[in-house]
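I opened this notebook to keep track of what I looked up in one structure, entry by entry. The order below is the order in which I went through the topics.

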Amino acid sequence: MEAKRPKASLKPLHIAGYLLLVISILLGFSSMYLSKLVINAKNHEIYTLLLADEYRSCVDKLTEHSRSYEITKSKKDLEKYNELLAWWTGIKPRPSTVPLSPGLSVTPLEIAQELGCHEKELGLLRYANELSQQIIWIQRKTFTEEGDKSTGYAGVFSSDYEQKRSELSMTIAQFVHLVE
């Protein structure tokens with residue numbers, strides 16, 4: 001006589017095996033999802049730090065070109081200034097040499113929104129944009145005022161100009177701190 005194995009005892013093992021398989025699959029998917037979140041967060045951080053660096057370098061280059069023009073009156077300096085200002089303000093497409101949105105006519109603030117910056121980050125960038133506009137206004141005024149020494153207007157060499165640049169640097173530093 002053959003001994004029959006009870007089938008009921010195998011079912012719990014099968015169910016446990018299936019549950020283990022399902023749990024393993026779910027853990028695998030959740031770990032892939034979490035690693036994607038970590039990668040996306042890291043990419044966000046990298047891109048926003050690139051944007052902060054672009055703010056700094058563009059203001060520095062605009063200052064360099066405007067000061068050089070003020071001293072030399074070289075049309076080349078004025079052309080470089082206007083070219084940089086045109087793509088920085090979104091009037092012309094961004095050059096292929098910039099890492100963020102090359103070939104597009106977008107402002108840094110639009111790039112930040114596209115990157116999904118949080119409201120606090122956007123608030124700091126809006127303020128940085130206001131400061132940039134004030135700096136650009138002083139630069140443009142310098143080009144037309146000819147640095148009238150009798151009124152004390154020194155334009156891009158003034159303490160007011162340096163104060164605006166310093167405030168912009170501090171704002172970008174706060175932005176970087178939020179991102180990191």
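**Entry 1: the charged pairs.** For the salt bridges I took a side-chain nitrogen of Lys or Arg within 4 Å of a carboxyl oxygen of Asp or Glu. I keep in mind throughout that I am reading a predicted model. With that rule in hand I looked up Arg126 and Glu119, and I found that their side chains meet in a salt bridge, with 2.8 Å from N to O; the pair qualifies because that distance lies within the 4 Å of the rule. I then checked how far each partner is open to the outside: Arg126 is partly exposed at 31% relative accessibility, whereas Glu119 is exposed, with a relative accessible area of 54%.

I next asked how many salt bridges the rule gives in total, and the count came to six. I followed up two further pairs, starting with Arg165 and Asp60, whose side chains meet in a salt bridge at 2.8 Å, N to O. This pair links distant parts of the chain, since Arg165 sits in helix H5 and Asp60 in helix H1, 105 residues apart. I noted that Arg165 is buried, with a relative accessible area of 19%, and the label holds because buried means under 20%. Its partner Asp60 counts as partly exposed at 40% relative accessibility.

I also looked up Arg67, which forms a salt bridge with Glu162, the closest N and O atoms being 2.2 Å apart. Here too distant parts of the chain are linked, with Arg67 in helix H1 and Glu162 in helix H5, 95 residues apart. For Glu162 I read a relative accessible area of 33%, which makes the residue partly exposed. When I put these residues together, I saw that Asp60, Arg67, Glu162 and Arg165 are linked in a network of salt bridges.

**Entry 2: the chain as a whole.** I stepped back to the overall arrangement and counted five helices and zero strands, so that the pattern read along the sequence is α-α-α-α-α. Of the 180 residues of the chain, 33% count as buried. I looked at the contacts with a separation of 6 or more, and residues 24 or more positions apart account for 63% of them. The chain exposes about 11800 Å², of which carbon and sulfur atoms supply 61%.

**Entry 3: a buried aromatic residue.** I picked out Phe175, which is placed in helix H5, residues 159-179, and asked whether Phe175 is buried or exposed. At 0% relative accessibility, Phe175 counts as buried. Leaving aside neighbours within four places in sequence, I found Phe175 in contact with Thr48, Ala52, Cys117, Glu121, Leu124 and Leu125. I checked Thr48 in particular: the C-alpha atoms of Phe175 and Thr48 are separated by 8.9 Å, although the two residues are 127 residues apart along the chain.

**Entry 4: the cysteines.** One of the contacts of Phe175 is Cys117, so I looked up its accessibility, and at 9% Cys117 counts as buried. Cys58 likewise counts as buried, at 3% relative accessibility. I then searched the whole structure for disulfides and found zero.

**Entry 5: a nonpolar patch.** On the surface I noted a nonpolar patch formed by Ile46, Tyr47 and Leu50, which together have about 240 Å² of accessible area. Ile46 lies in helix H1 and is partly exposed, with a relative accessible area of 41%; Ile46 can belong to the patch because patch residues need over 30%.

**Entry 6: backbone angles.** I closed with phi, keeping in mind that most residues other than glycine have a negative value. Lys73 has a positive phi of about 60° although it is not a glycine. I located Lys73 in the loop between helix H1 (10-72) and helix H2 (75-88), and I read a relative accessible area of 31%, so Lys73 is partly exposed. Ser101 also has a positive phi, near 50°, and is a residue other than glycine. I placed Ser101 in the loop between H2 and helix H3 (108-115), where Ser101 is partly exposed with a relative accessible area of 24%.

Definitions and conventions: Residues are numbered from 1 along each chain as its sequence is written. This is a predicted model: local features need pLDDT of at least 70, side-chain atom pairs count only at pLDDT 80 or more; totals for chains, interfaces and linings use all residues. Side-chain values use heavy atoms; hydrogens and water are left out. Helices (H or I, at least four residues) and strands (E, at least two) are DSSP runs, numbered from the N terminus. Buried means under 20% relative accessible area, exposed over 50%, partly exposed in between (1.4 Å probe, protein chains only). Contact means heavy atoms within 4.5 Å. Accessible areas come from the Shrake-Rupley method with a 1.4 Å probe; for residues, only the protein chains shown count as cover. Patches are made of residues with over 30% relative accessible area and no salt bridge: like charges are joined within 9 Å, nonpolar side chains (Val, Leu, Ile, Met, Phe, Trp, Tyr) within 5 Å. A disulfide is a pair of cysteine sulfur atoms within 2.5 Å.
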